[in-house]
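Please open the model in your viewer and keep the sequence panel beside it. The tour below goes from one selection to the next and says what is found at each stop.

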Amino acid sequence: MADAIRKGMMMKRARGKSTLGAMNWKARFFVLTQDELTYWDEFGGSTNPKASKKGTILVPQIRAAEELPDATFDRANMFQIVYGDSNFILYVQSSDGGDRQDWLQSIRKLIAPASQNSSYHPGYFDGRWTCCNDSNKLSTGCKPCTERSAGPVIKDDAPPPVLAPKPTRLSDGGSVRSEGPTRQPSILASPLPAAPAPIPAPAPVPAALPPATPAPAPA
C-alpha cells in the first residue's frame, strides 16, 4: 500500500437523507495516497482492526477539488471532490480553514491536467443547482475551477535570475545589514593606470659672490 500523503477525520455528507428529510452527515477517517482517496468509519483506517472502509476514489478519476461557501450547507470549512465520468461529488467538512487548504492543495497536485474539469458548481443539486438555478444535473459547473498549481518552468536560454538580498550579521554583534542583490559577474574593461606624479623642479642655484677685497696692511 502506498504511503499516506494526508490523513485525518472529517465530516462527510451522506448521499441519502435521514427519515426526517434532513441531510445526513457522518464522521469519516480519510486517507489520501498517490493512488486513491479512501474513507473509513473509524479513526486510523486500515491500521484499526475495527475500522471498515466505506468508500474509495481512485486518483485518476478525480476531476476537481474546490472549496464551498459557508452558505451552501450552513457549515464552515466545506469543500467538494468531483470525480468519475458522471461528475459525482463528495462533500466534505474539514476541521478548520487551514486544514481545508492543505487537503485541497494535496489533492490538486495529484489531478492530471487532462482530467481536470474547467468548471464546477459551488452549490448542490436539489431539483436545481442552488448556485445558478440550472435544472441540468449533468452540467459541469457555473464557476471556473482553480488552476492546478505547477512549478516554475526553467529554460536553458533564460537569463540568470537575480537573487534576493542575503542578510549578513556584523561580526561585532551589531544589527543585520543586507548585502546587495547577487548577480552574475559581468566582464568590465581594465581601469586605466593612474597618471604619474609630476617631477618637482630643481632648487635654484644661488649666484656667485664677488671676490673679497683684502684688508690693507697696517702702517
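The stops below cover confidence, the nonpolar cores, one buried loop residue and a pocket.

**Confidence**

Begin by colouring the chain by pLDDT, since this is a predicted model; the mean over the protein chain is 79, and 64% of its residues reach 70 or more. Select residues 150-161, where pLDDT stays under 50 and the model has two contacts beyond four places in sequence. Then select residues 175-190, a stretch where the pLDDT is also below 50 but for which the model has 22 contacts beyond near neighbours in sequence. Where pLDDT is low, the predicted coordinates should not be read in detail.

**The nonpolar cores**

Next, show the side chains of F30, L37, F79, I81, L90, W103 and I107, which touch the most other members of the largest nonpolar core, a set of 19 residues. The elements that contribute two or more residues to this core are β2 (23-32), β3 (36-40), β5 (62-67), β6, β7 and α1. To look more closely at one member, centre the view on L37: leaving out residues up to four places away in sequence, L37 touches F30, V31, L32, G55, T56, I57, I81, L90 and W103. Apart from the largest core lies another one, of seven residues, and selecting L68, F73, M78 and W129 will show some of its members.

**A residue in a loop**

Now move to I111, which sits in the loop between α1 (97-108) and β8. Is I111 buried or exposed? With a relative accessible area of 2%, I111 counts as buried, because that value falls under the 20% cut-off. Its contacts, once neighbours within four places in sequence are set aside, are I62, R63, A64, A65, Q116 and R148. If you draw a C-alpha to C-alpha distance from I111 to A64, the separation is 7.5 Å, although the two residues are 47 residues apart in sequence.

**The largest pocket**

Finally, select R15, F88, I89, Y91 and K137, which are the residues nearest the centre of the largest pocket among the 28 that line it. The elements that give two or more residues to this lining are β1 (6-17), β6 (78-83), β7 (88-93) and β8 (119-120), and the largest share, five residues, comes from β1. The volume of the pocket is about 620 Å³. If you colour the lining by residue type, you should find 14 nonpolar, eight polar and six charged residues.

Note on methods. Residues numbered from 1 in each chain as written. Predicted model: local features only at pLDDT ≥ 70, side-chain atom pairs only at ≥ 80, totals over all residues. Heavy atoms only, no water. 1 Å grid on protein atoms, 1.4 Å probe; cavity = no way out; pocket = protein on both sides within 12 Å on 5 of 7 lines; lining within 4 Å. Points joined across faces, edges and corners; volume = space filled by probe spheres on them. Helix = DSSP H or I, 4+ residues; strand = E, 2+ residues; numbered from the N terminus. Nonpolar A, V, L, I, M, F, W, Y, C, P; charged D, E, K, R; others polar. Buried < 20%, exposed > 50% of the residue type's maximum accessible area, 1.4 Å probe, protein only. Contact = heavy atoms within 4.5 Å. pLDDT = per-residue confidence, 0-100. Core = buried A, V, L, I, M, F, W, Y, C linked by side-chain atoms within 4.5 Å.
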